[in-house]
Amino acid sequence: RERNPGQDEFVQAVGEVARDVFDWIADKPEYTDAQILRRLTEPDRIVSFRVCWEDDDHRIRVERGWRVQNNNAIGPYKGGLRFHPSVTESVLKFLAFEQTFKNALTGLPLGGGKGGSSFDPKGKSDAEIMRFCQSFMTELYRHIGPHTDVPAGDIGVGSREIGYLFGQYKRIVNRWEGAITGKGLGWGGSELRPEATGFGAVYFLRRMLDHAGDSLEGKSVVLSGAGNVALHAAQKLIESGAKVLTLSDSDGFIHDADGIDQGKLDWIKALKQERRGRIKEYVEEYPDAEYHGDGAQPWDVDCDIAMPCATQNEIDEDDAKALIDHDVLAVVEGANMPTTHAAARAIRDAGILFAPAKAANAGGVAVSGLEMSQNAERVSWNHEKLDNQLTDLMAEIHDKCVEHGADKDGKVDYARGANIAGFEKVAGAMLAFGVV
Ligand code: NDP
């Protein structure tokens, strides 16, 4: 905390990992003597830069952009770009730190990074978004590349923004190379990338329930968010026979007690992705559902499973209590660090299955890794091949968590398992490199 004043999110993320790792390295002096954890909590580098752009009224706007390159021990830095008013250096440092462990868990050669800006894309015209993205890339391009650092999308950075960013990168370097993932299918993108995080989280959940002798069939699920992760998780949940009760955005949530079926979900996808509308419009189309505004969250809705898929710290201690009172079976983190430290503790202590983000939402970066491989080979793999790879990969991540997180009675602490498995992989490489 003294080394990172005011960076609460970053300190929170490090604290979560450190607790598990300290126990594990207590009798392993090779890690402690080499100060591996200390080194991992100091990013390799942080680039901060001015992003100057002109709005539609010809006013000059000045924003700040960042790229946090946390660790490249096992591969090029890799992690998304986030455009949202809540972005700070602390938020990006926490995300880059987490990304390092998550990427290690995928088994692919990917280091950890993250970047973005507090620029708010909401309400901006296409032309304004394009000018912002071009200005952002005019600085970022010199810090990235297919062997150096490969950014992708995140909150506020979807296929439109990736298009503008990649277009500007290509124009500046005069090379077509896979320096960004999440690209459109017609210009180097991978099948299944848009679906991968949400689908992967549900594949992880299915494996976790299976391991506990249960299944997803007939389970009710409360989801937050209505973006890329939430909507694809909802789709796979519905396909798996579960009943999706809620979705949200930053204004509030909708609760459909009859369940959001595929037809209703298609309507929401068009609302969010084509019309860029608000989730409250759902109740005008489906009046039997309820809308709860003023930023309300869905955690008090009775359910079997909760999947926070919007943003960090959306489940606090009170929300955790509500989930425990409702006797939920599992909490699966689709978003990054959506559960506060105290809430995660309470959920884990209550014996609820808890799938941490770095394991549960690793499917997106994994398919991004596969997009990099396809770009390097100049090939495109089909949907089915990628879906099989994603299913296998999520199963392997699950099993690594079990390997490092199961106690003598067979009860699995998935968060501990994920932290230790990720640390072991990255630390092993860092030890091989000596003091660098
Ligand atoms: P999107 O921008 O597509 O969607 C984000 C959703 O969360 C929107 O519905 C948004 O509502 C809501 N939201 C964002 N910020 C807040 C907030 N402060 N309070 C309440 N609601 C909020 O992002 P993604 O779906 O891509 O990402 C969601 C989470 O998943 C993030 O934590 C991200 O880091 C993580 N993630 C994403 C991956 C991916 O492949 N996309 C990969 C791994 C993790 P509104 O429109 O009102 O802002």
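The legends below describe close-up views of a predicted model, moving from a sheet to its strand pairings and then to helix packing.

**View 1. An open sheet of 7 strands with mixed pairing.**
The strands of this open sheet follow the order 9-8-7-6-10-11-12. Its edges are formed by strand 9 (290-292) and strand 12 (353-355), each of which pairs on one side only. From one strand to the next, the twist averages 15 degrees.

**View 2. Strand 7 (residues 243-249) in its surroundings.**
Because 5 of the 7 residues of strand 7 are buried, this strand is largely enclosed by the rest of the structure. Strand 6 (residues 220-223) runs parallel to strand 7 and is joined to it by 3 bridges, and within this pairing Val 222 stands opposite Thr 246 of strand 7. Between strand 6 and strand 7 the chain passes through helix 8 (residues 228-239), making a β-α-β crossover that is right-handed.

**View 3. The hairpin of strand 7 and strand 8.**
Strand 7 pairs with strand 8 (residues 252-255) in the antiparallel sense, over 4 bridges, and the hairpin that these strands form has 2 residues between them. Thr 246, which stands opposite Val 222 of strand 6, has His 255 as its bridge partner in strand 8.

**View 4. The pairing of strand 6 with strand 10 (residues 305-307).**
Strand 6 and strand 10 run parallel and are joined by 3 bridges; Leu 223 has Met 307 as its bridge partner in strand 10. Strand 6 is also joined to strand 7 by 3 bridges, again with the strands running parallel, in keeping with the place of strand 6 between strand 7 and strand 10 in the sheet order.

**View 5. Helix 7 (residues 193-211) lying across strands of the sheet.**
Helix 7 lies across strand 10, strand 11 (330-332) and strand 12, and runs at about 155 degrees to strand 11. Of these strands, strand 12 is an edge strand of the sheet.

**View 6. The packing of helix 1 (residues 8-25) against helix 16 (residues 414-432).**
The two helices pack at an angle of about 70 degrees, and their axes are 9 Å apart. This angle makes helix 1 roughly perpendicular to helix 16, since angles of 65 to 115 degrees count as such. The crossing of helix 1 and helix 16 is right-handed. On the helix 1 side, Val 17, Asp 20, Val 21 and Trp 24 meet Ala 415, Arg 416, Asn 419, Ile 420 and Phe 423 of helix 16.

Note on methods. Residues are numbered from 1 along each chain as its sequence is written. This is a predicted model: local features need pLDDT of at least 70, side-chain atom pairs count only at pLDDT 80 or more; totals for chains, interfaces and linings use all residues. A residue is buried if 20 or more other C-beta atoms lie within 10 Å of its own, exposed if 12 or fewer, and partly exposed in between; C-beta atoms are placed from the backbone. Two strands pair if DSSP finds at least two bridges between them. A crossover is right-handed if, with the strands pointing away from the viewer, the path from the first strand over the helix to the second runs clockwise. Axes are lines fitted to C-alpha atoms, for helices over the stretch in contact, and angles run from 0 to 180 degrees between N-to-C directions. Angles under 35 degrees count as roughly parallel, over 145 as roughly antiparallel, 65 to 115 as roughly perpendicular and the rest as oblique. A crossing is left-handed if the near helix is turned anticlockwise from the far one by less than a right angle, and right-handed if clockwise. Two residues are in contact if their C-beta atoms, placed from the backbone, lie within 7 Å.
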